[in-house]
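Thank you all for making the time this morning. I would like to walk through one structure with you, going from single residues to the sheet and its packing, and I will give the cut-offs as we come to them.

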Amino acid sequence: MPKASPFRSFVEETAVQEPHGRGADSNHDRFSDAAAERPSPSLSRFFETQQSPWTSMMAILIRLLRVVFVTILCIVIFAALFEFLNAIPTYLFLPDHLEGGVAYRGGMMLLGALWWGAVFRAPGYLFYGTVPLLIVLAVTEWRSMKGWPSYLAIWFIAGLAATGLSLLNPLRVAAVLLAAAAASYLYWLLAGKSAGDRLQGWRRRERNGGFKFVNYPAYAVLAYLAFQLAGYADHGGKLLWATFVSEPEPGTPPFQVRFKRPLTASQKVAMMDFPDPASCLKTSETDGLPLDRLKEMDWDRIDNTDEANVCMFRLLGSYPNLSYATDWYEAQGFRVPDNFSSARPYLEQDGTQRVSASYSIRKNGPKFPTTGIVRRAFGSIPYGMSVDATWSKDGKQLQWVETGFSTL
């Protein structure tokens, strides 16, 4: 015998419960209008469990997009507010503060700090902090955390990590706390107060016998976030190791930075990952390292600016002198101006010689990273990239390599 449909079973069940008598003493007419105004709980549950799975999937997707866009907005606001608040002590104690030879008077310095934070500081925070912050906020969605203090703690810790963990500077910590309070409260208003509502509705329908196959896209999203978290955990472990456990060797040729500044933790990790020229090149079946092989830099291995600087230093520093620099740059797809080429290097005031090259991100896309839609999207924010390689006075010893980016 064919199986009855869910709706037919519900109708038959309702018909059995309907009273049959409608005499003069019946209360049916008295309460018929009120009953008609109240939706049946059984009917509501029925249609809830029979909703289209695509409707729920789209609702969850829209929620995720909302969390992403609100997070990006709050990161930009945090960057602008932090620079603004961090500049207030300087403004109060040094009203004629000199910055790059320009004196900022009155409120111009504070407005400049806001502009600097939103335009120049925020892209770095977005590039390095968006994915880790989204992973943490995904947990708050999963756990339906709706309290503002939880988000204040999350944004405060993220702010400390982004600004260098300068716990010994109370004014800087205060600026981080105030900026985190504003950013977290805005996030709470726009997204945090409703954290987990969509997921709770999805779980309720699942318990009522709804569409369980919607689990698979959710598991895919969780797997992607877990993969990203594993990558950040691995890189974070390397940062801690290079900072507190073992100082990396300078490598071959010995890596150095401009003005012999102290190396950052990220530079130390890059030195560990790329200790010599061979580690920066594409794989090859031939042994040895002829000069022509130095042009085959493997950009697929490069994830950030420090890794690019280390590898370019290893390869350019392996040449006998700067006469090979122009050909190397052009082999990477860079454009070398005539006045900054190997034939006519730019002469610095101290006598060192600089060969520079440029790369159009707007035209060719970011040079690195070469994979990851989100990472390449952030890498596409600048419209251009430049590389400066500086040699000694005689042009035989590479001093340092610096990479810069041009943004609007």
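**Notes on the predicted model**

Let me begin with C74, which is buried at a relative accessible area of 0%, where buried means under 20% relative accessible area, exposed means over 50%, and partly exposed lies in between, computed with a 1.4 Å probe on protein chains only. Before going further, I should say that this is a predicted model, in which local features need pLDDT of at least 70 and side-chain atom pairs count only at pLDDT 80 or more, while totals for chains, interfaces and linings use all residues. Residues are numbered from 1 along each chain as its sequence is written, and side-chain values use heavy atoms, with hydrogens and water left out.

Staying with cysteines, how many disulfides does the model have? The count comes to one, taking a disulfide to be a pair of cysteine sulfur atoms within 2.5 Å. The pair is C280 and C311, with the sulfur atoms 2.2 Å apart, and the link is left-handed, at -90 degrees about the S-S bond. C280 lies in the loop between α10 and α11 (305-316) and C311 in helix α11, so the disulfide ties together parts that are 31 residues apart in sequence. Here and below, helices (H or I, at least four residues) and strands (E, at least two) are DSSP runs, numbered from the N terminus. C280 is buried, with a relative accessible area of 1%, and C311 also counts as buried, at 1% relative accessibility.

Now to the sheet, which is open and has four strands in the order β3-β4-β5-β6, with antiparallel pairing; two strands are said to pair if DSSP finds at least two bridges between them. The edges are taken by β3 and β6, each with a single partner strand, so one side of each is left without a neighbour in the sheet.

If we start from one edge, strand β3 (residues 346-347) pairs with β4 in the antiparallel sense over two bridges, and L347 stands opposite Q353 in β4. These two strands form a hairpin with five residues between them, and in the turn G351 has a positive phi of about 95 degrees.

Moving inward, β4 is joined to strand β5 (residues 384-391) by eight bridges, and the two run antiparallel. Along this pairing S356 stands opposite D388 in β5, while Y359 has M385 as its bridge partner in β5. Is strand β4 largely enclosed or open? Six of the eight residues of β4 (residues 353-360) are buried, so this strand is largely enclosed by the rest of the structure.

A helix also packs on this sheet: α11 lies across β5 and β6, running at about 145 degrees to β6, where axes are lines fitted to C-alpha atoms, for helices over the stretch in contact, and angles run from 0 to 180 degrees between N-to-C directions.

That brings me to the nonpolar cores, each being a set of buried Ala, Val, Leu, Ile, Met, Phe, Trp, Tyr and Cys residues joined through side-chain atoms within 4.5 Å. The largest core has 36 residues, and those with the most contacts inside it are M312, L316, Y329 and F334. Two or more residues each are given to this core by α10, α11, α12 (325-331), β4, β5 and β6 (398-406), and the largest share, seven residues, comes from α11.

Which residues does Y329 touch, leaving aside its neighbours within four places in sequence? With contact meaning heavy atoms within 4.5 Å, the partners of Y329 are L316, F334, V336, V355, S356, A357, V387, D388 and A389. There is also a second, separate core of 28 residues, which includes L137, A175, A183 and A191.

Finally, some backbone details that I would ask you to look at in the viewer. The peptide bond from T252 to P253 is cis, with omega near -15 degrees, and P253 is placed in the loop between α9 (215-245) and α10 (265-273). That loop also holds F259, whose phi is near 60 degrees, a positive value in a residue other than glycine, and K260, which has a positive phi of about 55 degrees although it is not a glycine. F259 counts as exposed at 59% relative accessibility, and K260 counts as exposed at 67%. Another cis peptide bond joins F368 and P369, with omega about -5 degrees, and P369 is found in the loop between α13 (361-364) and α14 (373-379).
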